[in-house]
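Biologist: I would love a friendly, close look at one part of this model. Could you walk me through it slowly, as you would for someone new to structures?

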Amino acid sequence: MTPVTRAALVLGLAFLYAPILVLVAYSFNASSLVTVWGGFSTRWYGVLFADEPLIAATWVSFRVAVLSSLIATVLGTLAALALERHGRFRGRFLFTGLVYGPMVMPEVMIGLSLLLMFIGIGFDRGLATLVVAHATFCTGFVAVVVAARLRGLDPTLEEAAADLGAGPLRVLLTVTLPLLAPAVVAGALLAFALSLDDLVIASFVSGPGSTTLPMRLYSRVRLGVNPEINAASTLLIALVGVAVLAASWLTARRGGTG
Amino acid sequence: MAAETRLRLEALTKRFGAHAAVDAVDLALEPGEFFCLLGPSGCGKSTLLRMIAGFEAPTSGRVVLGEADITGLPPHRRPVNMMFQSYALFPHMSVAANVGYGLKGLGRGAAAARVAELLRLVRLDGFDARRPDTLSGGQRQRVALARALAREPRLLLLDEPLGALDRGLREETQGELRAVQRRLGTSFVVVTHDPEEAMMLADRIGVMDRGRLVQVGAPADLYRRPASRFVAGLLGDVNLIPGRLGPAEADGTRVVATAHGPVRAAGPADPLAEGAEVVVAVRPESLALGAEGLPVTVADATFLGDRVRRLLRLPDGTPLRASGPPGEGGAQPVGAETRAGFAPDAAVILPA
Amino acid sequence: MNRDAPQRLFARLVRLPPFLWLAAFFLLPVVITLKISLSEPATAIPPYLPLLDWQGGLEGWSTFLEALNLDNYLTLARDPLYRDALFGSLAYAGGATALLAALGVPLAYALARAPARRQPFLVALIVVPFWTSFLIRVYAWIAILKQEGLLNLVLLKLGLIARPLAILNTDAAVMIGLVYAYLPFMVLPVYAVMNRLDPALREAAADLGAGPTRVFWSVTLPLALPGIVAGAGLCFIPMVGEFIIPDLLGGSETLMLGRVLWSEFFSNRDWPLASAVAVLILLIVLGPVVLLRDGLRGEGERP
């Protein structure tokens, strides 16, 4: 490593992390004026835990993320299997477009078009529409992760199982899925994170009683910097940090593949 | 070429942590010599080559080219070029751009003329505009050679130059490589793990084992007079018959007392004391069946057209391999009991 | 391969659920949006005309089709607000993509040149911010960029400026936000390509007399081009329709299509016009999407 590449790495990582660290630091600021340091305090965490609407929104986000990532994981895994293992079929081009389209579709377009349809068919907006919307836009991401793993999987394993008399369902359940498990879990986590993070689509399709956490945060953030939001952000960042550490610890323990 | 193109390595060492990949190697190369570093993978030969090219910094020792110490010089300042094992042709450039890559200092016209000359040398005239991925393996190898020669290096390093070619092409290519080397008079240093390749190409071979240069010599000398069991086994099939060393004879040979009787062989290179445990190394083609030698049973015979390969067993079951022309020993069917002997100067005594 | 009937049935069953779901919740909504973008706004629920009269038969269909028109697209083309938003989106997304390439390529290069055993950790460090909330990452910049924010504080203390700079709610803030939020999307594909390059190629160039600078420009960069194209696509496509960054960091004059769509829909309740804007965004990203797909396919075909 030359001094130049080392400097590039340090600067790049500093750029990525400095804003996050600033945010975390200010969340412990006693002063309510964001730029004035009033000493260390955890008072904003107290305010945060008493904030009923924010907690309600967190609960909505969590339920939506669980349900939509479950649906997206099933649909995405099936889609990956169809694309990677069941080869040619009529309508493959359309199918591919349907699976991967939502990933490149602008979020505002997904949100708007789903809302227009829900209204068109007279479907009341709420938790269900959120789940449907998030499952739809996450399916492609799960499919990408699972398909990548499937491509790296030796197809002769499945052929061997079929050769030993296993029907297609048994091959899927006893050979393919166990081998795919790490990718399926990774895809599910990605879907969960994407659902939890989404503001734009949720803003279109959520109903009066189903405000998500990003929507609630956004409405506060628009009014400017707010130490309570810093505290909430810090907790979210800590959560992600712990999850990433746990994931890397798990993969390292399993020998670090996948 | 003048004597200044001599390469000298002085106690060259490369350590990775506690492990010495290259351990105090001393070597002097004659000008215009075709030298080959031979050894199994992991013996340090590639690291040695990369230190000469400048891709690895030695832990200690010196690389001297002519009178100049080039140890601290980065690769792009060394008058040394390398042909990579993978050829490392730039996939986004034409053949001509690849060959001309190192000719930046030359004017456009001069560089183009030099590229044309090099492509003629490797018999690829007319391939200028082609991309590397449209060439065959042999053609790619020749482009890599032309590119490495473009800057008229005082020393050309070749990393497994024939390794990526299939068998038929290898013989043809090694002939070409030798022809080019003779014509230019440039010193070539080849690294290979293939003894056949080393013997086909080199004027001299240096055998490496676990970071050390264990023996240097002409291919025939190494084959006939290996200094260790390792070198003997590396260069080809060999029978190793254990025994105890007898006294020195007047003609320089010595008798070794084996479990099945005495044999006579050329003396060891290292002075060994009488009574020392040794092995006698005999190549299969030096082993002749007949009235003289150790008692053996013919356990198996394989007809290979130009020769017959036999598996023999000593009375205690130790296998020996012999190979010779089909006519010779033809009266020795499987199961026959006979004797296997060899001329004293066709065998060497090695430390056990 | 000879596949028997039960296997074919099984394959069909495997692709049926995702197909039906995505047809219902992705394809159909897009078609509806296309249709509404050709309709006229109305003060009604839903606020657009015409509505298809399902009971009207052929007659109903033809009056429905006749009522569709391109008026909304003409409005987009004529009204300077939308023209500016279109050019704004292209300029911000294009400019930020160029900036991302300029910053991301050196970073990816540094990453690829780091000691091999440390690379997984460094890649993880680049990826981790991606897992934290996008909204929070953008929000974090408000505290840094605003008038009495951290950046101005530091610059004033260092004596580099006499008065606080107005950065928040300017083009510069939007650019910083875009580059910050999308940096991993540029770095990772470029790194992936650079990491796969045979190190012997760089060594060969150095061996042939090229100094580090020439090696980078003549060998590393051209060979990393597929990664740069992929990264540019991954950044440009979502940035065209970006809403959060221009809304939080930009000023009132920061016009981007995503934001215009948002206000047409939520504030003006002009659904047909909002739909037309959505279709426009879609048309803009179509080219890069095809380019990206071909690039990724080329990647996949390599052995």
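Biologist: Let's look at chain B and its surroundings: how many Å separate the centres of domain 1 of chain B and domain 2 of chain B, taken over C-alpha atoms?

Modeller: Happy to help! Please keep in mind that this is a predicted model. Taken over C-alpha atoms, the centres of domain 1 and domain 2 of chain B are separated by 38 Å. To find them in the picture, look for residues 3–231 of chain B, which are assigned to domain 1, and residues 238–351, which are assigned to domain 2.

Now look at where these two domains meet. Domain 1 of chain B brings 5 residues into contact with 6 residues of domain 2 of chain B. On the domain 1 side of that contact, 2 residues are nonpolar, 1 is polar and 2 are charged.

Next, let's zoom in on a hairpin in chain B. Strand β17 of chain B covers residues 308–313 and strand β18 of chain B covers residues 319–324; the two run antiparallel and are joined by 6 bridges. You can pick out one pairing for yourself: B:Arg309 has B:Ser323 in β18(B) as its bridge partner. Between the two strands of this hairpin there are 5 residues, and in the hairpin B:Gly317 takes a positive phi near 95°. As you trace the strands, here is a handy rule: in a regular strand, side chains alternate between the two faces of the sheet.

Chain B also touches another chain. In that contact, 16 residues of chain B meet 15 residues of chain C. The chain B side consists of 8 nonpolar, 5 polar and 3 charged residues.

From chain C we can step across to chain A. Here the contact takes 59 residues from chain A and 73 residues from chain C. Several helices of chain A give two or more residues to this side, including α3 (52–85), α6 (127–151) and α8 (168–197). The largest share of the chain A side comes from α1(A), with 11 residues. By class, the side of chain A that touches chain C has 46 nonpolar, 11 polar and 2 charged residues.

Finally, chain A has a domain assignment too: domain 1 spans 1–41 and domain 2 spans 52–257. Their centres, taken over C-alpha atoms, are separated by 31 Å. Domain 1 of chain A gives 8 residues to the contact between them, and domain 2 of chain A gives 7. On the domain 1 side, 5 of the residues are nonpolar, 3 are polar and none are charged.

Definitions and conventions
Residues are numbered from 1 along each chain as its sequence is written. Chains are lettered from A and ligands numbered from 1 in the order in which they are written. This is a predicted model: local features need pLDDT of at least 70, side-chain atom pairs count only at pLDDT 80 or more; totals for chains, interfaces and linings use all residues. Domain bounds come from an automatic or database domain assignment. Ala, Val, Leu, Ile, Met, Phe, Trp, Tyr, Cys and Pro count as nonpolar, Asp, Glu, Lys and Arg as charged, and the others, Gly among them, as polar. Two strands pair if DSSP finds at least two bridges between them. Helices (H or I, at least four residues) and strands (E, at least two) are DSSP runs, numbered from the N terminus.
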